[in-house]
Structure formats: C-alpha cells, structure tokens
Amino acid sequence: MLAFAVDSTYWQQRVAYEITASLDEPSGVLSGNVRITYVNQSPDTLRDFYVHQYLNAFRPGSRWAAVDSAEQRVRFQHMKDPDYAFERITSSTLMGAASKPDYPDAPDSTIAHWRLPRALAPGDSMTVQIEWQARPSTLPRRQGRRGRRFDFAQWYPKVVVYDRYGWEDHPLYPAGEFYGEFASYDVTLDLAADQVVGATGVPVEGDPGWEKAAVGGGRIDYQRNYYDARRTTHACTASPGRKCVRFYADSVHHFAFSLNPDYRYEQGRYKDVVVHVLYQPGDSATWGKGKAVQNTEVALMWLDSLYGKFAWPQITNVHRIEGGGTEFPMMIMDGSPGLGLIVHELGHNYTMGILANNEWREGYLDEGFTSFQTGWFFETHGAGPGYPSLESEILLWDVDRWSEPVSMVSERYRDFATYNTMIYEKGQLFYEQLRYVVGDDVMREILRTYYARWRLKHVDENAFRSVAEEVSHQDLKWLFAQWLHGTPTIDYELNNVERTRRGDGKWQTTVTIDRHGDGWMPIEIGDADTIYARTSGQPEEERVTFVTGRKPKRLVLDPKQRTHDWNALNNHEPHGIWPFRSRAAHATTRFDNPTKNPSRRDGIVNSLLPLVWFNDYGGVTGAVQNRSNYLGRFEKNTTQLSYGFDPDATHPFGFYARFGNPVSHPMPRTDASLAGWYVEGRAGIAVHSDRSLRRHLTFGPDPHAGFDAIWMAVSDLGYVDRNLWDNAGTIEAGPWFGTTSTRQNGEEVWKTHASLRFGVVYRNPGAGVQSSTRYDIEGFFRPTIDVSVRKPFIGKTKLGARVFGGAYLAQNPPPLQRRVMLAGADPYETFTNPLLRSRGALFVRPDFHYHAPGNADLRGFRPDLGGRWAAGLNLEVTKSLLQHEGKLLEDLSLEGFTDAGIVDSLAVPSSAGHNYTTLYDGGVGVVTRHRLNELGWTMRFEVPLLVNRWDYAASGTDQRIAFRWILSLEPTF
C-alpha cells in the first residue's frame, strides 16, 4: 500500500498481514499465525512495537469490565471459562529474534508491547511473526459465538497506529471504538466444510459456501481477480470434512468475518460494487427476497451521491448474533435489515473505513458524521427533518449542564450514556449546524472534497475543518470551537423593532437584537412567511436594518429554529399597549388531557381543564384549571379558579396558583416554584426548591437536596375538618434531602428522605381569650426521616420495608394540622388535592376509607390520629400475577402487609399509662399498577384484618380481627 501525502507533513505507516487460522468449533478457539511486514514511513526512529488484543476486553480483569462494574452493567466481569473471550499470544519473533510481550496496562491485556531488538529508522522495515489463539465470548458485543455461529471481529494481533501523537496504545473501553493502520490482508481460514463465511475482502481461493447457501438463481460474482493477488504455492492442508478459504483485501484497516453453516445468501450490485447479504434461515420475510440487498444498494447509492465512489470492490451485510450494528471495512454486521440501520452502518465504511479517524480520540468524526448523513438521507427521501427532535433533546442536556465537549477522548466522559449522547447525537447536531451555516449545496461540496482529498487516509478535526473553510470561503474556527470544544448556551432576545416608511414607498425596518448566551450562531430575522435578513449573531447587542417592499408583519428571530437558541419565548417582537406589552411567543391553548403533557419548542403550551368536586361546606364546586409548560422543563405553571355553589358558603371563590422554573432565571438541574392560594378556608404561600445532585443519568444514586418554606393559615373554619385542623397558622421553613438508589439492574430500590422544619405557630384565639385580635405565638422544630427498600424476595416475590421517624418539638402540643400523623399524610401534604382537602370531600367522607400514604403509615388506623412524635415500620410482600408493561394494566399483584409503630400517647392513649403507645396492624390486599400515555398510578385495595387497638381502626369496628377495607391511588412508599 502506498501512502500518498495530502501535504508535505502528512504520512502514514505501511503494513501487510499474512494470516493463516484454523477454527475448532466445539471449543470456539481459533489458532492462528500472522506474518506482519511493517514499514516505518514516519520521520521518527521507532524502538518499540505494539499490537491490540481486543478480544481480551470481553473478559474479567479488563478495563472494559472495570467500567461496566463502575456503571452497574453486568456483562463480562463475572464470566467464567469457557464463556469469556480471550486472545493469547503463544510465541512471537520480531526482526528475527524471539521475544515475549509485556502488558503495560495489566491486568488489562488489550495492549501487548515489545521492545525492538534494534531501532527501526525512518524508511526501514521489519517482519513480525506471531502465533496466537483467540476465542469470542458467548455474550456478544462487537463479536461473539453461539453454537456454530461465529462473529469474528478484532480477533488477531492488530498493529497499533503510530501517528503524529506517537504510538496510540490505547486499551479498549466501552466508550470509544477502534483505530487501525491501513494495510493489506492475506487471510487463509481453515474451517468446517459446511460453513458459510462472509468477510472483508474478496475470496481469491476456496469456497466460502455461497453457492450452497444461495437463494434463487444467478451467477455469483466472487471478484477473485480484483486484486490480482498471487495464488498460494502450496495446497490447502485442511483435513477431511474441512476446507480452506482465502480472502484478500487492500487499503483497509481491519479484517472481520462471520460464519454460520445455515446462512442464506443473496447478491446484488450498485455500479461496480458487489453486494453480498448473508442471513438466517428464518429471516426470509425480513432479510430475504432481495429486501436487505435492496436496502444495501439504496444506501450505497445515497453515499455515492454524498461523498463519491466507494473505495472497495464489495460490501458484505450479515445478520449478526447481537442486535444493533457494527461496521468494518467492506463489511457490516447488522441485527436487523432496517434501512436506517444499514444506511448508518454502511455510512461508517466512508466515515471510519475510508476516512479513517481515531474513533476513541475523535469519535464524532465517524459516529456523529454517519448519524448526520443518515438523518439527511431520510429528510431527502420524504421522512421530514429529524433536526427538531434531535435539537430539542440536546437542548435539555445543554441547559441542565449535562453536556460535555464533543471532542473529548471517549473514556473521559463521565459515563457511557454521556459519551453516546455527545458523540452520536450532539456530534450529529454539530454537522447539522455546519450545514445551516454554509447551506446545503456548499455542505455537499465540502463532503465530496473532503472525501476526494482524504480517502484511505487518517483524518482528524483539522483535516475536515480545513476543507470546510476552503470550500465555504469562511473562517469556521468559531463554530468548531463552540460545538466541539465547549458547551455554550445560546439565547437571543428581539429587543426592539422600528419601522419607517420611506419616500419611495418601501419600508425600512431596524431590529435590535440582544445576545444573552455565551455562544452564538448566525441568526435569521423574519415573519410568518418571509426571511428578511441574516446576521452573524456575535455582538452582544446588534442593530440590523433591512428594506422591504411591504410592511413586515410581527417579526421573530430564528423562525426556522436552527440556531439552538434555548429560549424561544423572547424571540418574538414585543406587541400590545403599555403596560400590557408582551414578548411572549405564540402560545398554544388546548383542552387538557391529564394523561399527557405536551410541549413545544417555540412557545408555551396551555392546557385547560374544567373540574368538579364536592365538600360539605362549599357544596358542588366548579373550577377551571390551566397547566402550562415550555419544553416540558420551564414555565411549569398551574392556576386554578374555583367556586362553591352552596348558598351558605361564606367564601365561595377560591384560587390556587403555582409558578415554576421561569425561563428568566434558569437554574441547571433545579426545580423551583412559588405557590399561593386562598381556597376553601385556607390561605398561604409556599416556596419550594429541588436541586438534583446526581452525577450520572443512567446509574448510581439520585440524590436531591432542597429547601421548603410555607405559610399556611386557616381563614374559614366552615370548610375544615375540626379533627384535622385548628384555628391556627404556621410559618415554617427548612432544608430537606432525599435519594433513590437502584441495584440488581433496577430490581432493588432504596429511598431515603429527611427534612428539618423550623417555624412558628400562631393560634387565634388564645385560651380563655375572646378577642379576635389576640394571637398565641410559639416556635417549633419538626424533623422527619424515612428509609425504604423494595427488593426481590423468596419465591419470586418482592419485599418492601420502610422505617419512619418524626417529631414536633415545642413547649405545647402541636396544632392538629402539624401533628405527626399515624396512618398517613398530614393535612399540609393532602391540601392540594380537592378530594382530600376539606370536610366531606369524596375521599374523606365517613363511609369512604381512603389512605393517603405518609408519616408512620399505620394504614389500619384512622387518618385523623396524630401526636408529637411517631416511629413506624411498614412491611409488604407482593406476588405478581400478571405483567403487561406499557398497557393500561401493567401489573396485578397480591399483597400481604403489616405495620407497627410506637407513637405519642397524645395520639392514642396508652392502656398501661405510659407516655407512648404500641400499635400494629396486618392484612392482605390487591395492588395494581396502571399506565395511560404518560400518566402512571398505583391502586391499592387493602384489608387490614388485624388492628391491635381496634377502637381506633380506620373503619371503626369493635373487634381486633375483622373485615375492614381501605383504598388508595398511590403506593404505600
């Protein structure tokens, strides 16, 4: 292979592999011998030599396995022989001298190193001879084996790239893929005679089994003479029942192959590129009848139009063991024949295969690139642009500061999920933004020039950027810097518009634009149907003037939503008359479907819903509720106006309003809200903040910390249940902390929540005082904590356990509404639910036994019981009888439960005269989980058969053991 320089500084090494290998199917072990010819075309003198042994990643002790353990994935770290993969060098000779390798990253053994017997000067060459054994793992990951099916990838001692950074001796991690020297491969495989094989390269000798496996007629084009590869001078020495198949490939940086005696074979062609498709016997309806062949041809046609002529003679598409897809030169291994998957993976033969980037150092140059061309393919073929959904997802990563620079080395991302999102999706978005900046025609010219100049060479960011700048005649360093090396946010505001009618009848319009974000993009100015101007977007304040034949309508910045401006609400021209002028974007108002929470990229969604409920004092109450949100993340507001129709109600009007996460004050990973109300005899204000402290989105604990403050006062005693509310108010505030942790692939869930509240209580009137202006004021301290776990238990059951402790610390007993409740939630916690809020509401009627979980959760007892302190233990064992994930009824389980607690004798008097009382209950129930669209809920019907203080039981029975029932629409914990 010759290395043609693109400029005077470019070089790449020259490598040739001659491999003979024999596969023993029962053990899964392949034994091989490779002769490597290595020519040093670098300007440096080399004193070391390295090879990759990638199969050693898929076994215990590897860096890959260590990362899996750290990110709570169970794959290779606990595998036993003979299931794990390995690649073992049994002998090696360098420059004629026998030598054993060392492993600099031990215990990881994916990099083998030798010290050369003598220095290898520039222009000099050497020969390396290695014998080795290799075995794929039974758990497939970019390779694998299952019965007589084998997917061999990265299976031989692969020369490490030596480039301008030096030796790229990089262990294999889950994040990041491969990097190889362009080389020629002469590979002879000794296989079982009935095996069907697909591989990189062309079969120059031997029978790959395609004729036997062929579906339909037609001549098979083996392309045996494509490379004019010399014939072997010796006959294949395969034993009876076996065969030798020799493949040859040139100007590729890897050789992969797949075996299966049951493969079916179909052939196609795009121009002079032969298409080979190998699929399973049961795949006829999906892969067969030319479907996979046609999809592969369509992908080749698209990529040819985008980049240029395919660099190699053939492409082989096989149905691999694993799902998803993996790319290799001249070969793609796919888990399905879907057009999108094939376009994506075949695209890698261009970006990765022919334009050979370092996949772990700059992964966006292949994964982001091929994701971009796949999206462009579907957009071109009528599926509509994928940009809006892609951009909206990345937007939330950016504003919550989860994003990391796209250009990072793969294993330095915080976790695999971040790597995937940045390299694939935000990498794709980078190319979309480049396309927006330069335009479609110039983008196509960039791709074709880049391909023509750098095909069959190693590429990097500088190579691509230099072509992009040359073709577009633009300085694009700012774009590459922002999108690849930083994580800026972009926000423009249309501050002012001035329209003037000129003497010639035309309109001159001047727009003032403010840039609030730390990033920028060219920004368009338009109205509903016309783009009038485009500006750089770089100045912090910019005035743009344009002239039009007609008076522009209401103007908006970025009408096509292509600048990644996270806040589109300030992009619209202010309108209205002072003081009612508004910059608000178009708001959508809809009838609310409580099971869905739709959002829009360019405006607020308002969802209106009429509501009706009942209570004893206000009677039938009607209300109108509005929910709103922007992006599902900001402006999460709820307003509710209500009216009680009972003529005797003294305060029939009510309102409740909560405003959350305003776009004017974005706080990453934080929810904050301010609420106020005057409804059903209570008035109040509440402030809530919730800061996520989690370090990883897909694994590990999910800790949250926050601060709550609330003022709640009783303003009309007619509405309240006097067993739950005193004529009093509190002002209280304090911090809280909670965390959720999962183990055993999510089967075991731990939750913890602790809060501290400091406050004052005021009562009106005080004891023995008739004046309505007298208040008794007292300070108090109210701490609570609960810890719970749900985990697999014996006999495929699940065990749930929870402990709770809470206290109200003050000189005098608490007002009824601030007691630590025994059976469930306290009145402050149930206040926002109109079915629980007031006396005689549906769920708190004397004949209806509803359980609102919380506090000590002694569910068999009355919900109005509470005292100064309580400690509780809740145990549940459930057995699932029916599971249908994603259905209306997702799960049906039988339940057995018991609750026990020690409580303040103020709540339940002690029969022994103590200052504490011991309580317990137990029973059985049915628990169902439901889902409708985005709304999920749990329903519990429980029968607390046993209650030790039955005179305080929820249903008021007079026996220790009796039939009682409670209903809930929430899980216990």
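A cavity is, on a 1 Å grid over the protein atoms alone, a set of points where a 1.4 Å probe fits but cannot get out, and its lining residues have an atom within 4 Å of a point. A volume is the space filled by probe spheres set on the points, which are joined across faces, edges and corners. This is a predicted model, in which local features need pLDDT of at least 70 and totals for linings use all residues. Residues are numbered from 1 along each chain as its sequence is written.

Start with the cavities: the structure holds 6 of 30 Å³ or more. The largest has a volume of about 70 Å³. Select Gln 154, Phe 178, His 253, Met 352 and Glu 359, which lie nearest its centre among 13 lining residues.

Next, select 264–270 and 325–328, strands β18 and β21 (strands are DSSP runs of E, at least two residues, numbered from the N terminus). They belong to an open sheet of 5 strands in the order β18-β19-β20-β22-β21, with mixed pairing (two strands pair if DSSP finds at least two bridges between them). β18 and β21 stand at the edges with a single partner strand each, so one side of each has no neighbour in the sheet.

Inside this sheet, select β19 (273–279) and β20 (314–319), which are parallel over 5 bridges. His 276 has Thr 316 in β20 as its bridge partner.

Move on to β39 (728–743) and β40 (748–763), an antiparallel pair with 14 bridges. Gly 729 is opposite Tyr 762 in β40. In the turn of this hairpin, Gln 744 has a positive phi of about 50 degrees.

Finish at β41 (776–792), joined to β40 by 15 bridges and antiparallel to it. Here Arg 790 is opposite Val 749.

Methods: This is a predicted model: local features need pLDDT of at least 70, side-chain atom pairs count only at pLDDT 80 or more; totals for chains, interfaces and linings use all residues. Side-chain values use heavy atoms; hydrogens and water are left out. On a 1 Å grid over the protein atoms alone, a cavity is a set of points where a 1.4 Å probe fits but cannot get out, and a pocket is an open set with protein on both sides within 12 Å along at least five of seven lines; lining residues have an atom within 4 Å of a point. Helices (H or I, at least four residues) and strands (E, at least two) are DSSP runs, numbered from the N terminus.
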